[in-house]
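Subject: Structure handover and findings

Dear colleague,

I am passing a structure on to you with this message, and I would be glad if you kept it open while you read. My notes on it come after the display.

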Amino acid sequence: MTTIEKNKLLAEFLGVQHQKMAMNFNSNWNLLMEVVEKIETHGFTFDIKKNWSCITRKGEKIIIRWEEDNNKIEAVYNACLQFIQWYN
C-alpha cells in the first residue's frame, strides 16, 4: 500500500473526503491525533509509549501492539493503520 493509499484510509476513517495534498497523516501530528481521538471514541484506549511503541486496548484486551519504527510519529501512524485495517 502506498503512502497516498494509507493516508486515504485514515481520511476515510475520519469521514472526510481525501484530498491529494491535504491529508499528510504520516507527517502531521494534528491530523494523526484526530485519528487517535476517533479510535478512542469507539471505546478503545490508545497508548503511546516512550520507546515508540503503541498499544490499542479494549478494556484489558490488547487489540494492536506496534513496536517496529524509527520514530514516534511513524509508530503512531502505523499503529493507527493497523487498527483501522483490523476494525474494518
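What follows goes from the chain as a whole to its core and then to a few single residues.

Please bear in mind throughout that this is a predicted model, and that the values below were computed from it.

The chain holds 3 helices and 3 strands, and their order along the sequence is α-α-β-β-β-α. For a chain of 88 residues, a compact globule would be expected to have a radius of gyration near 12 Å, and the 12 Å found here agrees with that. Along the principal axes, the C-alpha atoms occupy a box of roughly 35 × 30 × 20 Å. Buried residues make up 38% of the 88, and, among contacts with a sequence separation of 6 or more, 38% join residues that are 24 or more positions apart. The accessible surface amounts to about 5,500 Å², with carbon and sulfur atoms accounting for 47% of it. As for charge, there are 11 positive and 11 negative side chains, and the centres of these two sets are 2 Å apart.

The largest nonpolar core has 27 residues, of which Leu10, Phe25, Val35, Ile39, Phe46 and Cys80 touch the most other members. At least two residues of this core come from each of α1 (3-14), α2 (29-41), β3 (61-66) and α3 (72-87), and α3 contributes the most, with 9 residues.

Isoleucine 39, one of the core residues just named, belongs to helix α2 and counts as buried because its relative accessibility is 0%. Once neighbours within four places in sequence are set aside, isoleucine 39 is in contact with Phe13, Phe44, Phe46, Thr56, Cys80 and Phe83. For the pair isoleucine 39 and phenylalanine 83, a separation of 44 residues in sequence goes with a C-alpha to C-alpha distance of 8.3 Å.

Threonine 56, which is among the contacts of isoleucine 39, sits in strand β2 and is likewise buried, its relative accessible area being 0%. Beyond four places in sequence, threonine 56 is in contact with Ile39, Phe44, Thr45, Phe46, Lys61, Ile62, Ile63, Ile64 and Phe83.

Isoleucine 63, which appears in that list, is part of strand β3; with a relative accessible area of 18%, isoleucine 63 is still classed as buried, since the cut-off is under 20%. Apart from residues up to four places away, isoleucine 63 touches Phe44, Thr56, Arg57, Lys58 and Trp86. By contrast with these contacts, isoleucine 63 and asparagine 28 are 35 residues apart in sequence and 24 Å apart from C-alpha to C-alpha.

Lastly, is lysine 49 buried or partly exposed? Its relative accessibility of 34% is the reason why lysine 49 counts as partly exposed. Lysine 49 lies in the loop that runs between β1 (45-48) and β2 (54-58), and, leaving out neighbours within four places in sequence, lysine 49 is in contact with Ile55 and Lys72. Between the C-alpha atoms of lysine 49 and glutamate 67, which are 18 residues apart along the chain, the distance is 9.6 Å.

With kind regards

Technical notes:
Residues numbered from 1 in each chain as written. Predicted model: local features only at pLDDT ≥ 70, side-chain atom pairs only at ≥ 80, totals over all residues. Heavy atoms only, no water. Core = buried A, V, L, I, M, F, W, Y, C linked by side-chain atoms within 4.5 Å. Buried < 20%, exposed > 50% of the residue type's maximum accessible area, 1.4 Å probe, protein only. Helix = DSSP H or I, 4+ residues; strand = E, 2+ residues; numbered from the N terminus. Rg over C-alpha atoms; globule rule 2.2 N^0.38 Å. Contact = heavy atoms within 4.5 Å. Areas by Shrake-Rupley, 256 points an atom, 1.4 Å probe, with all protein chains shown as cover. Lys, Arg positive; Asp, Glu negative; His and termini not counted. Charge placed at Lys NZ, Arg CZ, Asp CG, Glu CD.
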